[in-house]
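Biologist: I would like to go through this model with you one question at a time. Please give the reasoning before the result.

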Amino acid sequence: MTLPFQQRFIALARERSPLCVGIDPSAEAVRGWGLPDDMAGLRTFCECLVEASAPLVASVKPQTAFFERHGPAGMEVLQQTIEAAKDHGALVIIDAKRGDIGSTASAYGEAFLGPRSPFGGDAMTLSAYAGLGSLTPIFEIARREGAGVFVLVRSSNPEGSELQQAMLPGGQSVAEHLADEIAALNAADAVDGLGPIGAVLGATHGAEAAALADRLPNALLLVPGIGAQGATIADVRRDFARHSSRVIPSISRGIARAGPAPADLKRAVERYIAEMRGAA
């Protein structure tokens, strides 16, 4: 039986590093390596990033949009990228930000979560705009498959603030309400204090994101926004210090920009790992 994602992540983070390396083969990133923005360039970009980072970190996070833009062939490269990362022992968080209702929600979970799914993700990201309850079919698949999910609670982009900080009649912001709902659901399924539903909290929001983390005592915290979006590892260590064992700091462009030389990519990953440990 597959151990729950949260247990697998905690064990691997202790052995390696909690760092999550994002794989975002945008046209800009691929061309920045001097590669053509086609299938050959996509494949080379992903192979290099996986080879340099997957043996060193607990997880990698391919962003599906950058594969989908190439059509069916691009999705085949996504599948190959996931398999390669797992061959190196890394967990794979598929950054799809899916969300819908009923059978459609269920289909998203069946597509991306667990070893029996076509893409074989260990976890995936979700959007709860249709209400957290609409994601129940995906949560059920995650529990069945020992997979994890990460619900977007406070995104790192500034455009999300107006909606996510909007106040509800009960006096909570939308983000606070989502955090409380996730904590309540996890309380029924927690293993070693952690449930299967994680939260995405942007590192760019500092103390606000840390306060949301306080409301999520039984959830893994996927923390993007480090590097190109302005936050630093030092910010994460400061703002999430009391939650450090549950934090998954995610860096994409900050690492990819060190390429294309494999040695340079590896050094970039190692530098961030050292920063997470407070050694740099």
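Biologist: Is the crossing of α3 and α13 left-handed or right-handed?

Modeller: This is a predicted model, and the two helices are α3, residues 39–53, and α13, residues 262–276. Their axes lie 8 Å apart. The crossing of this pair is right-handed.

Biologist: Is α3 roughly parallel or oblique to α13?

Modeller: The two helices pack at an angle of about 50°. Angles under 35 degrees count as roughly parallel and 65 to 115 as roughly perpendicular. The angle here falls in neither range, so α3 is, relative to α13, oblique.

Biologist: Which residues of α13 make the contact with α3?

Modeller: From α3, the contact takes Cys48, Leu49, Ala52 and Ser53. By class, the contact has six nonpolar residues, one polar and one charged. On the α13 side, the residues are Pro262, Leu265, Lys266 and Val269.

Biologist: Which residues does cysteine 48 touch, leaving out those up to four places away in sequence?

Modeller: Cysteine 48 sits in helix α3. It belongs to the α3 side of the contact with α13, and one of the residues it touches is Leu265. The full answer is Trp33 and Leu265.

Biologist: How far apart in space are cysteine 48 and glutamine 6?

Modeller: In sequence, 42 residues separate cysteine 48 from glutamine 6. The distance in space is taken from C-alpha to C-alpha, and it is 27 Å.

Biologist: Is α6 roughly parallel or roughly perpendicular to α7?

Modeller: Helix α6 covers residues 102–112 and helix α7 covers residues 136–145, with axes 7 Å apart. They pack at an angle of about 30°, and their crossing is right-handed. Angles under 35 degrees count as roughly parallel. Therefore α6 is, with respect to α7, roughly parallel.

Biologist: How many residues of each class are in the contact of α6 with α7?

Modeller: Helix α6 contributes Gly102, Ala105, Ser106, Tyr108, Gly109 and Glu110. Helix α7 contributes Pro137, Ile138, Ile141 and Arg144. Sorted by class, they come to five nonpolar, three polar and two charged.

Biologist: Which element gives the most to the lining of the largest pocket?

Modeller: The largest pocket has a volume of about 550 Å³, and 29 residues line it. Among the elements that give two or more residues to this lining are α2, β3, β8 and α12. With three residues, the one that gives the most is α12.

Biologist: Which residues lie nearest the centre of the largest pocket?

Modeller: The lining of this pocket divides into 12 nonpolar, 11 polar and six charged residues. Those nearest its centre are Asp24, Lys61, Pro224, Gln229 and Ser252.

Biologist: And which element gives the largest share of the lining of the second largest pocket?

Modeller: The second largest pocket holds about 330 Å³ of space. Its lining has 15 residues, and those closest to its centre include Ala128, Tyr129 and Leu163. The elements that give two or more residues are β5, α8 and α9. The largest share, four residues, comes from α9.

Biologist: Where is proline 260 found, and is the peptide bond from glycine 259 cis or trans?

Modeller: Proline 260 is in the loop between α12 and α13. The bond from glycine 259 to proline 260 has omega near 15°. The bond is cis.

Biologist: What is phi of lysine 97 near?

Modeller: Lysine 97 is found in strand β3. Its phi is positive, in a residue other than glycine. The value is near 50°.

Technical notes:
Residues are numbered from 1 along each chain as its sequence is written. This is a predicted model: local features need pLDDT of at least 70, side-chain atom pairs count only at pLDDT 80 or more; totals for chains, interfaces and linings use all residues. Side-chain values use heavy atoms; hydrogens and water are left out. On a 1 Å grid over the protein atoms alone, a cavity is a set of points where a 1.4 Å probe fits but cannot get out, and a pocket is an open set with protein on both sides within 12 Å along at least five of seven lines; lining residues have an atom within 4 Å of a point. Grid points are joined across faces, edges and corners, and a volume is the space filled by probe spheres set on the points. Ala, Val, Leu, Ile, Met, Phe, Trp, Tyr, Cys and Pro count as nonpolar, Asp, Glu, Lys and Arg as charged, and the others, Gly among them, as polar. Axes are lines fitted to C-alpha atoms, for helices over the stretch in contact, and angles run from 0 to 180 degrees between N-to-C directions. Angles under 35 degrees count as roughly parallel, over 145 as roughly antiparallel, 65 to 115 as roughly perpendicular and the rest as oblique. A crossing is left-handed if the near helix is turned anticlockwise from the far one by less than a right angle, and right-handed if clockwise. Contact means heavy atoms within 4.5 Å.
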